[in-house]
Amino acid sequence: MSERIVVVGFGPVAARLVDELLPAVRTGLVQLLVVGQEAEAAYNRVMVAELGVGRTTAEALAMADASELAADGVHVRLGVKVKRIDRARQQVVLSDGTTEHYDRLVFATGSRPVIPNLTGLNPDPSRPVLPPGVTALRDLRDAAVLRAAVAEGKRVVVLGGGVLGLETALAASEEGARTTVVHNGPFPLGRSIDRGSGSVLTNSLRASGVRMAGNARSTGVETAGPGGSFSALLLDDGSAIDGDLLVLSCGVRPRIELAEGCGLPTGTGILVDHHLRTYHEPHMFAVGDCAEVRCPDAACVDCRTASGPSGLVGPGWRQAEWLAEYLVVLARDGQDAADALEMLPKEKPGVVVLKARGINLAVAGDNQADPWDDELLEAGAASGRTRRQISQWADPEHGRYVKMTTRGGVLEGLVAVGMPRTAAELVVLFERSSELPADRSLLLRLDGPDQLDAGATSNDPQRTVCRCAGVSAASIEGSVVEGCNTVGEVSKATRAGTGCGGCHEDIKGIIEKHFQAAAA
């Protein structure tokens with residue numbers, strides 16, 4: 001008898017889980033129900049800003065087709081919300097009054113945008129009612145609001161200095177809108193980068209036409225526009241930043257209310273073990289933005305320092321792929337066989353990349369210490385472990401900055417602005433835990449005038465081009481040889497470029513290099 005799996009949520013991570021489970025559905029090993037609150041099937045939410053400025057289409061963002069899934073035997077319920085979960089009866093109660101039974105349930109509820117507590121906004125973040133002209137840029141309807149503002153060249157105010165906020169502001173500015181980024185602290189990305197790179201990045205953003213308002217604390221929104229729409233963001237010093245559209249980019253929080261409502265333990269996210277099982281409930285699992293991998297074993301070294309959900313699509317996809325295998329083995333061979341599988345591998349520290357026309361930034365690990373911060377550099381240097389070392393180079397006039405934090409020659413942190421080839425090499429070394437050359441200046445020369453436009457790492461076929469999906473240059477080159485000649489075709493064949501989109505230019509470069517060689 002086949003097991004019935006219910007997936008709550010239909011975002012990018014759920015789409016990957018469903019995709020991996022399809023062979024088992026087709027053979028009748030499992031029955032699969034997917035419940036999505038939105039009217040649309042899964043789409044790439046990370047690229048909503050690109051849709052909002054007119055650089056892509058809703059069709060290009062689609063990650064699943066409900067009719068195709070139905071033809072394969074997957075039951076898809078769209079535009080329906082799970083109101084509560086009855087663990088005793090193993091049922092989900094839906095907003096349309098129906099109930100659905102499950103043998104296994106997977107939370108893939110993702111995250112919701114943080115709505116700041118500002119005068120003029122609904123203070124309840126779980127049920128926000130935003131006035132006209134204010135959007136959190138989270139779904140397709142939000143993208144349509146931004147698209148209208150950009151098309152008319154209106155004033156767009158972005159509240160929040162994270163990567164998504166900066167990319168939105170840059171893209172909107174490049175497409176004709178007048179944009180302002182408002183953020184706390186002296187520079188954007190304050191939790192991830194140091195003062196030097198922050199200053200260089202701020203200057204680069206201003207040079208690209210984005211107005212920057214740092215050290216700003218917002219207190220409310222003014223709605224004196226047409227029909228009571230947004231007209232200004234109010235600051236605590238009594239000043240205001242006028243605009244026609246306010247984009248809230250203040251981070252996200254995991255959607256955990258369903259799990260809490262049925263009595264499951266939660267932290268920042270839904271607490272799960274290394275098999276992605278919820279605490280004390282072997283029939284339930286969680287993946288993606290809503291899942292916090294922190295097992296209940298107090299002796300687990302990995303979980304002592306575990307953080308909450310990463311908020312990145314790549315780790316969520318890897319969880320979905322692992323869980324699909326576990327669920328298939330569980331349905332086919334039983335609990336003992338499933339538990340004999342190797343546990344979910346520990347996720348490596350993430351790399352944050354900001355790519356825009358004329359601006360390139362990569363950051364990973366710990367890079368807050370400066371070369372003369374002896375106390376910070378000595379931290380962790382015990383029992384024969386070497387102290388950290390800092391290599392730093394800056395050229396603010398030309399928008400360039402690099403910092404490398406190493407221990408025993410191996411990177412523990414990096415930040416690079418305006419140095420794309422150096423950044424690409426440092427990211428490879430960081431991900432592989434490889435030792436840097438003793439002369440760090442060799443890396444800086446990668447962005448020198450004597451280097452080829454393709455970059456110093458372009459000849460390494462094993463380098464990871466798409467970090468979200470874990471796709472190598474060799475896989476992309478193979479798809480091009482097989483006939484793929486656009487980014488979209490490569491994405492369908494390899495999944496490269498279906499996450500944050502930061503690798504699209506690299507994929508284009510591989511395609512162009514192939515056809516240039518063929519024409520020679």
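**Exercise 1.** Is arginine 495 buried, partly exposed or exposed? Place this residue in its salt-bridge surroundings.

Solution. The model is predicted.
- Step 1: The relative accessible area of arginine 495 is 26%. Buried means under 20% and exposed over 50%, so arginine 495 is partly exposed.
- Step 2: The side chain of arginine 495 meets that of glutamate 321 in a salt bridge, at 3.7 Å from N to O.
- Step 3: Glutamate 321 belongs to helix α10, and arginine 495 to the loop between α16 (487-494) and α17 (504-519); the pair therefore ties together parts 174 residues apart in sequence.
- Step 4: Glutamate 321 has a relative accessible area of 30%, so this residue is partly exposed.
- Step 5: Through salt bridges with shared partners, Glu321 and Arg495 join Arg16, Asp19 and Glu20 in one network.

**Exercise 2.** Which strands hold glutamate 100 and arginine 4? Classify both residues by accessibility.

Solution.
- Step 1: The structure has 33 salt bridges, and one of them pairs glutamate 100 with arginine 4 at 3.2 Å, N to O.
- Step 2: Glutamate 100 is in strand β6 (residues 99-101) and arginine 4 in strand β1 (residues 3-8), so parts 96 residues apart in sequence are tied together.
- Step 3: The relative accessibility of glutamate 100 is 13%, so glutamate 100 counts as buried. Arginine 4 has 16%, so arginine 4 also counts as buried.

**Exercise 3.** What span should helix α7 have at 1.5 Å a residue? Then describe the surroundings of this helix.

Solution.
- Step 1: Helix α7 (residues 195-207) has 13 residues. The expected span is 1.5 Å times one less than the number of residues, which means 18 Å for α7.
- Step 2: The end C-alpha atoms of α7 are 18 Å apart, in agreement with that span.
- Step 3: Buried residues of α7 include Ser197, Val200, Leu201 and Leu205. The buried residues of the helix pack against α6 (163-174), β12 (211-213), β23 (359-365), β25 (400-407) and β26 (410-417).
- Step 4: Just after α7, glycine 209 has a positive phi of about 100 degrees.
- Step 5: Aspartate 194 forms a salt bridge with lysine 403, with the closest N and O atoms 2.7 Å apart. Aspartate 194 is in the loop between β11 (178-182) and α7, and lysine 403 is in strand β25, 209 residues apart. Both residues are buried.

**Exercise 4.** Which residues have the most contacts inside the largest nonpolar core?

Solution.
- Step 1: The largest nonpolar core has 76 residues, and Ile85, Phe107 and Leu323 have the most contacts inside it.
- Step 2: Helix α10 (residues 313-333) gives the largest share of this core, 11 residues.
- Step 3: A second, separate core has 40 residues, among them Leu166, Val181, Phe187 and Leu201.

Note on methods
Residues are numbered from 1 along each chain as its sequence is written. This is a predicted model: local features need pLDDT of at least 70, side-chain atom pairs count only at pLDDT 80 or more; totals for chains, interfaces and linings use all residues. Side-chain values use heavy atoms; hydrogens and water are left out. A nonpolar core is a set of buried Ala, Val, Leu, Ile, Met, Phe, Trp, Tyr and Cys residues joined through side-chain atoms within 4.5 Å. Buried means under 20% relative accessible area, exposed over 50%, partly exposed in between (1.4 Å probe, protein chains only). Helices (H or I, at least four residues) and strands (E, at least two) are DSSP runs, numbered from the N terminus. Contact means heavy atoms within 4.5 Å. A salt bridge is a side-chain nitrogen of Lys or Arg within 4 Å of a carboxyl oxygen of Asp or Glu.
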